[in-house]
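Please follow this explanation with the structure open beside the text, turning the view as each pair of elements is introduced.

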Amino acid sequence: MRIAVYGANGYQGKLVLAEAVRRGLEVVAVGRDAGRLREALAVTGLDGAGVEVRTTGDGDVPGHDALVTAFGDADAVVSCAGPFTRTGASVVRAAIAAGRHHVDTAGEQLYVKQIFDTFGADAERAGVAVVPAATDACVPTDLIAHLLAERLGPLAEITCVHLIEGGGGPSRGSLRSVLESLDAIRTGGLVYDGGDWRAGTSPGHASILLPGETEATAVTGFPLPEVVTVPRHVPTGRFVGFAEAALTAALSAPVDPRIVDGLPEGPDPESRAAQRFTYVVDATGAGGRRARGVVRGFDTYGTTALIAVEAARRLVADPPKPGVLAPAQAYDPAGFLDFLASHGVHRTVEEA
């Protein structure tokens with residue numbers, strides 16, 4: 001199995017490279033600059049691992065023909081080069097033209113919506129699957145939401161909350177993606193309501209009390225990708241995304257892009273290992289029954305690398321129907337969640 005990793009010299013890209021090699025896959029490192037790609041291999045200890053390097057040119061938006069050529073003999077593409085709002089669609093278009101499955105590590109909600117709106121028919125004609133937002137958060141919460149709907153039937157409402165503790169701060173790439181998404185962050189992003197997605201309708205402030213805790217955590221509306229993916233396979237009247245209020249406030253503050261360039265590339269391994277995340281999906285059935293799914297794990301960047309590689313591997317090993325797909329449309333929810341549990345990402349699903 002041969003996987004092309006686009007943006008392989010970035011912070012997330014290097015983690016994906018290392019995970020793909022660890023899994024025994026043949027890997028092609030793809031990016032704009034051969035020197036930076038070789039440096040990435042050296043930094044990650046992969047310069048002797050047989051990873052091939054391919055370049056796509058110096059432009060901010062990679063050339064279509066160069067990308068198609070770079071992806072040509074791969075079985076799947078993992079795209080890690082953000083901000084995806086700026087360049088992600090070009091990579092999806094090239095993967096489809098090359099006839100290759102595609103996943104990416106995007107967390108940008110509006111980009112994910114764009115991919116569903118733009119490329120579904122093209123991917124179907126090409127016979128390939130495209131799964132955006134194959135990340136630590138979107139994949140498990142999308143799968144959990146499907147399991148909740150299996151228990152409750154058609155849903156009146158879903159809410160999803162992201163809580164992250166520690167981690168040493170975001171990578172430069174994540175911060176650049178934040179800058180591309182500031183308007184959506186400040187308004188709460190898209191809300192699914194009454195059969196459609198509506199922009200600029202922030203659900204405002206709320207709070208969540210987790211089992212075993214005595215104090216509720218303040219949360220506010222946030223543009224989560226799963227607000228886009230879940231309603232494509234779960235019948236629901238409404239879906240709203242939230243994140244911890246303190247995180248939303250910090251990300252909403254104006255940042256000079258020049259400051260981002262001077263920051264560390266990303267958190268160090270010790271900070272990543274100490275990080276903890278909790279994602280909570282609450283569902284209310286049409287008849288009033290309620291259930292909650294909780295995902296807990298550590299190291300969001302490392303978990304994203306694990307998920308992205310496994311997501312690409314499964315598309316090749318057991319291809320789903322072609323098209324742009326939500327995680328629960330591309331993978332067996334329980335099976336993928338069981339795989340994650342074997343790597344320290346655990347879930348619970350309980351009725352209230």
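In this predicted model, helix 1 passes helix 13 in a right-handed crossing. The axes of helix 1, residues 11-22, and helix 13, residues 300-317, come within 8 Å and cross at roughly 55 degrees, which makes helix 1 oblique to helix 13. On the helix 1 side the contact is made by Tyr11, Gln12, Leu15, Val16, Glu19, Ala20 and Arg22, and these meet Tyr301, Gly302, Thr304, Ala305, Leu306 and Val309 in helix 13.

Helix 13 also leads on to another packing partner, helix 15. These two helices pack at an angle of about 140 degrees, with their axes 12 Å apart, and helix 13 is therefore oblique to helix 15. Angles over 145 degrees would count as roughly antiparallel. Here, too, the crossing is described as right-handed, with helix 13 passing helix 15. The residues that helix 13 brings to this contact are Leu306, Ile307, Glu310, Ala311 and Arg314, which meet Gly335, Phe336, Phe339 and Leu340 in helix 15. Leu306, for its part, is listed in the contact with helix 1 and in the contact with helix 15.

From helix 15, residues 333-341, the path continues to helix 6, since the two pack at an angle of about 135 degrees with their axes 9 Å apart and are therefore oblique to each other. The crossing of helix 6 and helix 15 is left-handed. Helix 6 contributes Val139, Pro140, Leu143, Ile144, His146 and Leu147, while helix 15 contributes Pro333, Ala334, Phe336, Leu337 and Leu340. Phe336 and Leu340 of helix 15 thus take part in the contact with helix 6, and they are also listed in the contact with helix 13.

The loop between strand 6 (129-131) and helix 6 (138-152) holds Ala133, a residue that has a positive phi of about 60 degrees although it is not a glycine. Another backbone feature appears in the loop between strand 4 (76-79) and helix 4 (84-97), where Pro83 is found; a cis peptide bond, with omega of about 0 degrees, joins Gly82 and Pro83. Both features deserve a look, because most residues other than glycine have a negative phi, and most peptide bonds are trans.

Turning from backbone to side chains, the structure holds 20 salt bridges. One of them is formed by Asp193 with Arg238, whose closest N and O atoms are 3.3 Å apart. Asp193 lies in strand 8 (residues 191-193) and Arg238 in strand 12 (residues 238-244), so this pair ties together parts that are 45 residues apart in sequence.

At the surface, finally, Val255, Ile259 and Leu263 make a nonpolar patch of about 230 Å². Of these residues, Ile259 has its place in helix 11, which spans residues 257-261.

Note on methods: Residues are numbered from 1 along each chain as its sequence is written. This is a predicted model: local features need pLDDT of at least 70, side-chain atom pairs count only at pLDDT 80 or more; totals for chains, interfaces and linings use all residues. Side-chain values use heavy atoms; hydrogens and water are left out. Patches are made of residues with over 30% relative accessible area and no salt bridge: like charges are joined within 9 Å, nonpolar side chains (Val, Leu, Ile, Met, Phe, Trp, Tyr) within 5 Å. Accessible areas come from the Shrake-Rupley method with a 1.4 Å probe; for residues, only the protein chains shown count as cover. A salt bridge is a side-chain nitrogen of Lys or Arg within 4 Å of a carboxyl oxygen of Asp or Glu. Helices (H or I, at least four residues) and strands (E, at least two) are DSSP runs, numbered from the N terminus. Axes are lines fitted to C-alpha atoms, for helices over the stretch in contact, and angles run from 0 to 180 degrees between N-to-C directions. Angles under 35 degrees count as roughly parallel, over 145 as roughly antiparallel, 65 to 115 as roughly perpendicular and the rest as oblique. A crossing is left-handed if the near helix is turned anticlockwise from the far one by less than a right angle, and right-handed if clockwise. Contact means heavy atoms within 4.5 Å.
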